[in-house]
Amino acid sequence: MKLRRWQKALRNTTLYILSVTIVVFALGMLSSGRSLHGNELKAMPMMSTINQAMHIENDKLVDALLSLPTQLPISRVKWSDSGLLSLDIRVAASIHHPRIIYEELYRWLHFSFYETDNINRLELRVIIENKERRQKHVLLALDSLRDQVTASVLNELVQNGHPLSVQAIRAMRLSYTTLWTEQFGARVRL
């Protein structure tokens, strides 16, 4: 009777080891992309943790823009299938420091050129609103191209870059209005 238990335990252990070996072998073959029936490589769908670039389209534009962590509200959006995104964002007349504006420019430029695959040009205007007078004025505008906004240029916006370097202003094609000078007192001469 003891011999039968021992044989049964040995048989179960052998089956278990054989099953695990087959599963490990099959998983190894799958992960290497090789077929179980030969040595040819096959395309295998793989899961990736790398975020793929978003593709902007008219019917998904609002959803894409609303998902962004921006601080300033959008007052106008226009999308062109040629890769042009035009935005107006609003800022209150009570703003006293340009840091929030520069952070917002960083978010929009990063989104446009690093998180999407089909925005080639970003036209953005920062509109300052005086609700008491019911007036809106352009404070700052940019007309940036994907291939001109490098990571170092982009980082100037969030690295206490007030005022920004002339190179960054030219790369982003950034335009300050006289209202900017009145509001913040600093302007770079080109």
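Here are legends for a few close-up views of this predicted model.

**View 1. The whole sheet, strand by strand.** Five strands line up as β1-β2-β3-β4-β5 in an open sheet with mixed pairing. Look for β1 (74–80) and β5 (174–176) at the edges, where each has a pairing partner on one side only. From one strand to the next, the twist averages 15 degrees.

**View 2. The β1–β2 hairpin.** Here β1 and β2 are joined as a hairpin, with three residues between them. Check out Gly83 in the turn: its phi is positive, about 100 degrees. The two strands pair in the antiparallel sense, with six bridges, and one pair to find is Lys78 with its bridge partner Ser86 in β2.

**View 3. β2 beside β3.** This time the neighbours run parallel, and nine bridges join β2 to β3. To get your bearings, find Leu85 and its bridge partner in β3, Leu122. Strand β2 is mostly covered, with seven of its nine residues buried.

**View 4. β3 against β4.** Ten bridges link β3 (residues 121–130) to β4 (residues 135–145), and the pairing is antiparallel. Within this stretch, Ile127 sits opposite Val138 of β4.

**View 5. Helix α3 on the sheet.** Residues 99–114 make up helix α3, which packs on the sheet and touches β1, β2 (84–92), β3, β4 and β5. Its direction makes about 155 degrees with that of β3. Trace the chain through β2, α3 and β3 and you'll follow a right-handed β-α-β unit.

Terms used:
Residues are numbered from 1 along each chain as its sequence is written. This is a predicted model: local features need pLDDT of at least 70, side-chain atom pairs count only at pLDDT 80 or more; totals for chains, interfaces and linings use all residues. Side-chain values use heavy atoms; hydrogens and water are left out. Two strands pair if DSSP finds at least two bridges between them. Helices (H or I, at least four residues) and strands (E, at least two) are DSSP runs, numbered from the N terminus. Axes are lines fitted to C-alpha atoms, for helices over the stretch in contact, and angles run from 0 to 180 degrees between N-to-C directions. Contact means heavy atoms within 4.5 Å. Buried means under 20% relative accessible area, exposed over 50%, partly exposed in between (1.4 Å probe, protein chains only). A crossover is right-handed if, with the strands pointing away from the viewer, the path from the first strand over the helix to the second runs clockwise.
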